[in-house]
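The exercises below go from the enclosed spaces of a protein model to its aromatic rings and then to the chain as a whole. Please work through each task before reading the solution beneath it.

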Amino acid sequence: MPELPEVETIMLGITPFLEGATITKVKLNRSDLRWPFPENFAKRLEKAKVLNLKRRSKYILVNLSTGETLLIHLGMSGTIHLLKKKNKNKFTNTSFYHSPHLPKKHNHVEIELQNISLIYNDPRRFGYLLYFDNKKQLQKKFKSYGPEPFSKKFNFSFSC
């Protein structure tokens, strides 16, 4: 399972490719991961512009121009792959497969943006993608979570 520093690293790595880009198409290659995708999941993301990415706990939060937020949790074996559309060779990082070739079998979600495709690949399907209609719903999700380790609220008196 990716730990918080790994999720932070992934979020920082994909941010330059996603920020400012518009989602042109979303393809769900199955109806569920850990849970079923909500109805119209793909359609709700299409045509939205990615404003920014943030991390909260072990979640990647993709804030969209629609006011919605896409939440990505990698579970135990989920990985995110960015493929340039013009690249004829579908090479990616070696990650879980120890190979530069990304097998399509576990490519469960494909999000196309102008110049790249973001692929969520998860052999075990313990990860998930959710969206939240607004910030209030998102805040409710994280209401019981403690402070972020890099925030000023995280201090000795809180952590003991």
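A cavity is here a set of points on a 1 Å grid over the protein atoms alone where a 1.4 Å probe fits but cannot get out. The model to which this is applied is a predicted one.

**Exercise 1.** Determine how many cavities of 30 Å³ or more there are, and state the volume and the lining of the largest cavity.

*Solution.* Step one is the count, which by this rule comes to 3 cavities of 30 Å³ or more. Step two is the volume, which for the largest cavity is about 70 Å³. Step three is the lining, which consists of L18, I23, V50, V62, L70, I72, I111, L113 and L118. Step four sorts these residues by character, and the lining of the largest cavity divides into 9 nonpolar, no polar and no charged residues.

**Exercise 2.** Carry out the analysis for the second largest cavity.

*Solution.* The space in the second largest cavity comes to about 40 Å³. Its lining is made up of L33, W35, P36, F37, P38, Y128, L129 and L130, and these divide into 8 nonpolar, no polar and no charged residues.

**Exercise 3.** Classify the aromatic pair of F142 and Y145, and decide for each partner whether it is buried or partly exposed.

*Solution.* The structure holds 7 aromatic pairs. In the pair formed by F142 and Y145, the ring centres lie 5.0 Å apart and the planes stand at 80°; because planes over 60 degrees apart count as edge-to-face, this pair is edge-to-face. For the accessibility step, F142 counts as buried because its relative accessibility is 9%, under the cut-off of 20%, whereas Y145 counts as partly exposed because its relative accessibility is 30%. Both residues belong to one aromatic cluster, which they form with W35, Y59 and Y128. Of these cluster members, W35 and Y128 also appear in the lining of the second largest cavity.

**Exercise 4.** Describe the order of the elements in the chain, and state which element has the lowest mean pLDDT and which the highest.

*Solution.* The chain contains 4 helices and 8 strands, and from the N terminus on they run α-β-α-β-β-β-β-β-β-β-α-α. Over the chain, pLDDT averages 89, with 89% of the residues scoring at least 70. Among the elements, helix α4 (residues 156-159) has the lowest mean pLDDT, 65, and strand β3 (residues 59-64) the highest, 98.

**Exercise 5.** State what share of the chain is buried and what share of the contacts joins residues at least 24 apart.

*Solution.* Of the 160 residues in the chain, 40% are buried. Among contacts between residues at least 6 apart in sequence, 65% join residues at least 24 apart.

Conventions. Residues are numbered from 1 along each chain as its sequence is written. This is a predicted model: local features need pLDDT of at least 70, side-chain atom pairs count only at pLDDT 80 or more; totals for chains, interfaces and linings use all residues. Side-chain values use heavy atoms; hydrogens and water are left out. Rings of Phe, Tyr and Trp (its six-membered ring) pair if their centres lie within 6.5 Å; planes under 30 degrees apart count as stacked, over 60 as edge-to-face and the rest as tilted. Buried means under 20% relative accessible area, exposed over 50%, partly exposed in between (1.4 Å probe, protein chains only). On a 1 Å grid over the protein atoms alone, a cavity is a set of points where a 1.4 Å probe fits but cannot get out, and a pocket is an open set with protein on both sides within 12 Å along at least five of seven lines; lining residues have an atom within 4 Å of a point. Grid points are joined across faces, edges and corners, and a volume is the space filled by probe spheres set on the points. Ala, Val, Leu, Ile, Met, Phe, Trp, Tyr, Cys and Pro count as nonpolar, Asp, Glu, Lys and Arg as charged, and the others, Gly among them, as polar. pLDDT is the predictor's confidence in each residue, from 0 to 100. Helices (H or I, at least four residues) and strands (E, at least two) are DSSP runs, numbered from the N terminus. Contact means heavy atoms within 4.5 Å.
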